[in-house]
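Open the model in your viewer and keep the selection box handy. We will walk from one stop to the next, and at each one you will find a note on what to select and what is there.

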Amino acid sequence: MAKVPWILAALALVVGVLLDLVAPEPYTGLPLLAAAPLVAGATLSFRAALAVVCVTCVVSVAVDIERQRPATPLLVDLAVVGLIGVLALAVNRLIVRQGRDLALARDVAEAVQRAVLPTPPREVGPLDVAAGYTAAHAEARIGGDFYAVQETPFGVRMIIGDVRGKGIAAVAAVSVAIGAFRQEAEYAPTLVALGERMDEAMARAAARGDPVISTEGFATAVLAEVSGDGEVLSLVNHGHPPPYLIHDGQLVRLDPTTHQLPLGVGLGDIAPPGPAPVDMVRLPPGASLLLVTDGVTEARDNQGAFYDPVRSERLHRSFKDPEALVDALTRDVGRWTEGDREDDMAILAVTRRRRPRPT
């Protein structure tokens, strides 16, 4: 592919010379000669483009001398090719500068994403952990999906969620959600209390923020907790796509008893009285918990059908580790959508080790 720009520039130059030499006198190959610097300026380095401009000017003069054209047309042709060459070099510098600015912006966005959404540890308590984040567009490395895993006095707690909206305002809401989870997961005695404290923190941040941030201030989420021995899995779902349990080649969707309100909307003011239900299931050795955002469950094929992990034969098997599970799901969604995704996709997978690590 790197040779294609050179081939296009050389082709324009050669065809322009041939037309200049063989075409009838009223017609010349000057437009194609002038196209060679434009192609070079838009696709090659500055030095290479400058070389093409100089060669094109020399070729233009040589062809006019060969055709025995008067001095005035010769100078006009040279002036036209030279002017277009200068414009091509200016375009080259502009493209290089914009590319540098874009690369810098992408690096900054990636640094922000890593700071707000750090990669979880590979091992936490009795669990092996893996995570994946795929942006809807390759150029966009920042979004509103988030996840976190943390070992606490109550067991291993984790969250996956999706804040409303996109862009910088969504990232601000993600930072509040992750910060509240990191802080409160250490002290909240139950998942219900953890959700309430996160809701209060996000509601306060939205109330203090400007109107743009306040509209992005709530998030759907699944809060999960695995007991210290790895036996019991507890779940509270705040309006988020349900997680999945994979064991012995079987994949089961863990639908909540009731969906709770999203975090950040003020649960204390509008939630029904009484404690929220906590769903508890057994997590056998070797079993995996798969948590996803709606970028997975709302992925569509070319017929408009939604992707359903339960119906995917590629997920109904045993995986050697959670990283293999994340990779398999990412590839399967890519095949389903044929690479055309409309939303970001976050995946968090944890697997209970069959044998505990030696202390």
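## Stop 1: a salt bridge to begin with

Select R253 and D255: their side chains meet in a salt bridge, with N and O 3.0 Å apart. Remember as you look that this is a predicted model. Are these two residues buried, exposed or partly exposed? R253 has a relative accessible area of 40%, so it counts as partly exposed. D255 is partly exposed too, because its relative accessible area is 46%.

## Stop 2: zoom out

Now show the whole chain as a cartoon. You should be able to count 10 helices and 11 strands. Colour by accessibility next: of the 359 residues in the chain, 47% are buried. If you like contact maps, here is a figure for yours: among contacts with a separation of 6 or more, 69% are between residues 24 or more positions apart.

## Stop 3: further salt bridges

How many salt bridges are there by the rule used here? The count comes to 10.

Select D128 and R353, which form one with their closest N and O atoms 2.9 Å apart. This pair links distant parts of the chain, 225 residues apart: D128 sits in strand β2 (residues 127-134), while R353 belongs to the segment after β11 (345-352). Both D128 and R353 are buried.

Move on to E184 and R197, whose side chains form a salt bridge at 3.4 Å, N to O. Here the link runs between two helices, with E184 in α5 (residues 167-184) and R197 in α6 (residues 191-208), 13 residues apart. R197 has a relative accessibility of 30%, so it counts as partly exposed.

For a group of three, select E231, R282 and R352, which a network of salt bridges links together.

## Stop 4: along helix α6

Stay with α6 and select the whole helix. Its 18 residues reach 26 Å from the first C-alpha to the last, close to the 26 Å expected at 1.5 Å a residue. To see which part of α6 is buried, highlight L191, V192, A193, L194, G195, M198, D199, A201, M202, A205 and A206.

From L191 you can step across to S234, since the two are in contact. S234 is found in strand β6. With a relative accessibility of 7%, S234 counts as buried. Besides L191, S234 touches L223, A224, E225, V278, D279 and M280, leaving out residues up to four places away in sequence.

## Stop 5: a cavity

Rolling a probe the size of a water molecule over the atoms shows where empty space is left. A search of the whole structure finds 1 cavity of 30 Å³ or more. The volume of the largest cavity is about 40 Å³.

Which residues line the largest cavity? Select V222, L235, V236, N237, P243, L254, P256 and D279. Strand β6 (residues 232-238) gives the largest share of this lining, 3 residues. By type, the lining divides into 6 nonpolar, 1 polar and 1 charged. You have already met D279 as a contact of S234.

## Stop 6: helix α10 and what covers it

Select residues 322-337, which make up helix α10. At 1.5 Å a residue its 16 residues should span 22 Å, and the end C-alpha atoms are 23 Å apart, which agrees. Its buried residues are P322, L325, V326, A328, L329, D332, V333, G334 and T337. Bring up the elements that cover them, including β2, β7 (244-247), β10 (288-292), α9 (294-297) and β11.

Now pick T330, also in α10. Is T330 buried or partly exposed? Its relative accessible area is 25%, so T330 is partly exposed. Draw a distance from T330 to G132: the two are 198 residues apart in sequence, yet 8.1 Å apart in space, C-alpha to C-alpha. Leaving aside neighbours within four places in sequence, T330 is in contact with T134, M345 and I347.

## Stop 7: T297 to finish

Finally, select T297, which lies in helix α9. Its relative accessibility is 18%; buried means under 20%, so T297 counts as buried. Show the contacts of T297 beyond four places in sequence, and you will find P241, Y244, V292, F306 and Y307.

How values were computed:
Residues numbered from 1 in each chain as written. Predicted model: local features only at pLDDT ≥ 70, side-chain atom pairs only at ≥ 80, totals over all residues. Heavy atoms only, no water. Salt bridge = Lys/Arg side-chain N within 4 Å of Asp/Glu carboxyl O. Helix = DSSP H or I, 4+ residues; strand = E, 2+ residues; numbered from the N terminus. Buried < 20%, exposed > 50% of the residue type's maximum accessible area, 1.4 Å probe, protein only. 1 Å grid on protein atoms, 1.4 Å probe; cavity = no way out; pocket = protein on both sides within 12 Å on 5 of 7 lines; lining within 4 Å. Points joined across faces, edges and corners; volume = space filled by probe spheres on them. Nonpolar A, V, L, I, M, F, W, Y, C, P; charged D, E, K, R; others polar. Expected span 1.5 Å × (residues − 1). Contact = heavy atoms within 4.5 Å.
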